[in-house]
Amino acid sequence: MTTPAKPLPLFFALIIILLIPLISLLYNHFSVFTAIKFICRQTYKPPHAKENGLVKSSSEKDKSRLWRKTFIGFKNIDDSSSISRSISLNISECFPVELPSDAITPTHCCPSKPSFSKFLDFKDFASPSAKLRVRKPFHLLDEEDIAKFEKGIALMKALPDDDPRSFIQQAKVHCAYCNGAYHLSHPFQDTKFDIHRSWFFFPFHRWYIYFFERILGNLIGDPNFALPFWSWDSIEGMQMPTYFTNLNSSLYHKLRHQKHLPPHVVDLNYASNSNYVPSHKQVSYNLATMYKQMVLASTTELFMGSPFRLGDNPRPGPGSVEAAPHNTVHTWVGGAETPHHEDMGTFYTAARDPIFYGHHSNLDRMWAIWKTLGEGRRDYSDQDWLDSEFFFYDENANFVRVKVRDCIDTKNLGYVYQDVDLAWLRTPPTSRKSKLLRQTKKAQVRSWKPRKFPLVLDSITSVIVKRQKKLRSKEEKEEVEEVLVIEGIEFGSDKFVKFDIHVDDDEDRLSNPDETEFVGSFVNLYHGHGHKISTSFKVGISKVLENFEAEEDDDLLVTLVPKVGKGDVIIRSIKIEFIPK
Ligand code: C2O
């Protein structure tokens with residue numbers, strides 16, 4: 001007997017072939033190639049995804065969402081219509097991360113026991129009547145508090161290495177999300193995901209340390225355990241908390257910069273080759289730095305980082321605090337002798353040092369504080385941000401899916417931060433240059449041959465940047481921030497880079513961090529090898545210009561000062577934008 005021909009698959013194939021040109025006409029970004037790629041990816045499932053059952057577990061709703069994103073999302077690369085371009089990860093595949101060739105801890109950051117087959121959706125919202133956990137600064141912990149934290153970390157370190165709650169597995173979660181182990185669920189674009197340098201910086205790390213806190217609480221049998229924070233922004237907290245340097249403590253970690261142990265004052269503007277500054281000066285530099293990063297960052301984008309949606313180029317640009325003190329403190333703590341300032345100074349190893357969690361607890365606190373500073377400061381309300389999702393292990397080693405929208409109020413997660421005096425709020429930077437000197441310097445640079453873009457940042461570089469608008473009304477200034485945009489900042493991902501940005505300053509006598517002319521710093525930590533990173537950086541300058549009485553000026557004098565990575569950075573353009581608050 002002959003087997004009957006199978007007309008049905010053939011029929012479908014024919015339909016698809018006929019449909020492709022039709023869809024191409026409808027969607028101008030659509031190509032036959034992408035369609036074929038999509039069909040192949042839908043049909044092919046990686047073998048281990050089948051093994052662990054992920055294929056069966058993804059719900060119909062998720063599938064239809066993927067289709068919607070697929071067919072509509074890619075078309076609207078530039079428009080902000082109601083079509084979702086939120087981020088979700090293809091957790092069925094975890095790829096070996098990008099490590100430096102001289103990695104001191106060559107590690108594969110994927111979870112050792114993937115439990116991808118089932119994940120739970122987060123639903124442990126704190127009830128409004130429940131007692132809130134209060135996260136306290138290290139300098140105000142009592143004996144019992146610190147004993148609990150030390151015990152929790154010790155118990156975590158004692159768990160078998162392959163337990164998802166173990167200290168080492170938790171550290172790997174950070175490495176995996178930072179060094180490209182997961183790729184985005186996007187059929188046409190294979191993008192390695194990195195939670196830094198975009199609007200995901202704050203929400204990702206909030207969720208990450210939230211689960212870390214829950215695991216600690218569970219291990220010590222205290223559901224009210226609250227993760228302490230290292231308040232490097234407060235005068236009392238400007239040294240590495242001494243608990244971390246006690247050789248007998250679970251908080252001790254060897255790979256740290258030995259010259260930065262207490263009582264050395266932290267440098268929130270650290271550049272790995274910074275000169276020593278006397279403690280009292282360093283404190284005032286730090287306070288002014290905090291003021292700039294929190295107060296001058298008056299718009300959501302300036303503080304939170306730039307939007308990153310499905311289909312966008314990754315790493316669009318960090319927010320103020322992510323660049324510094326976040327990156328700078330990482331490097332300041334990390335080892336002086338290790339090639340990439342391991343462990344804290346680079347993301348593949350950073351979370352192996354227990355101080356990471358105290359550092360990020362304070363960064364998370366900065367997000368909570370920033371929103372209370374008024375003048376319209378608020379979170380993004382963009383659905384693509386709110387609906388984006390990540391995965392973590394909870395205290396019962398369950399794999400949990402969370403959404404950005406569920407973490408924007410810490411009370412939802414059952415915790416708040418203890419109030420600590422915000423001395424930086426009363427310490428704005430001061431302006432040093434006289435109006436005359438400012439004008440003279442500008443005239444001098446105007447008379448030079450203009451610098452050609454793209455420019456290689458191999459030495460101190462001054463350029464004149466035109467202002468399209470000036471003398472704005474008070475109302476307009478309340479609603480729109482004038483922003484200096486440094487665009488197309490390009491460098492190899494294996495470079496540690498820091499350059500400072502000065503406005504209307506004097507190249508020959510550059511201002512210090514406690515002066516107004518020093519408006520911010522761009523900082524990049526080692527991020528993998530072999531690829532080029534292109535990102536941007538934005539600094540709010542409305543208040544700076546007001547302070548200078550330079551609001552009538554036609555242009556700005558912008559000086560870029562390379563601190564680390566001289567000659568490694570290319571800048572494509574510098575311009576001024578007006579961003580609504
Ligand atoms: Cu994800 Cu402080 O790093």
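Aromatic pairs number 49 in a search of the whole structure, which is a predicted model. Two of these contacts, together with two charge-over-ring arrangements, are followed here.

One aromatic pair is formed by Tyr208 and Tyr357, whose ring centres lie 6.0 Å apart. The angle between their planes is 55°, and the pair is classed as tilted. This contact links distant parts of the chain, since the two residues are 149 residues apart. Tyr208 belongs to helix H8, which covers residues 201-219, whereas Tyr357 belongs to helix H12, which covers residues 355-370. Tyr208 has a relative accessibility of 0% and therefore counts as buried. Tyr357 is likewise buried, because its relative accessibility is 0%.

A second contact involves Phe522 and Phe537. Their ring centres are 5.8 Å apart, and because their planes stand at 75°, the pair is edge-to-face; the cut-off for that class is an angle over 60 degrees. Phe522 is located in strand E12 (residues 518-524) and Phe537 in strand E13 (residues 532-540), so the pair ties together parts that are 15 residues apart in sequence. Both Phe522 and Phe537 are buried.

Aromatic rings also meet charged side chains in this model. At Tyr415, the charged end of Arg135 sits over the ring, at 3.6 Å from the ring centre. A further case is found at Phe548, where Arg438 lies over the face of the ring, 3.9 Å from its centre.

Key
Residues numbered from 1 in each chain as written. Predicted model: local features only at pLDDT ≥ 70, side-chain atom pairs only at ≥ 80, totals over all residues. Heavy atoms only, no water. Phe/Tyr/Trp six-rings, centres within 6.5 Å; stacked < 30°, edge-to-face > 60°. Helix = DSSP H or I, 4+ residues; strand = E, 2+ residues; numbered from the N terminus. Buried < 20%, exposed > 50% of the residue type's maximum accessible area, 1.4 Å probe, protein only. Lys NZ or Arg CZ within 6 Å of the ring centre and 35° of its normal.
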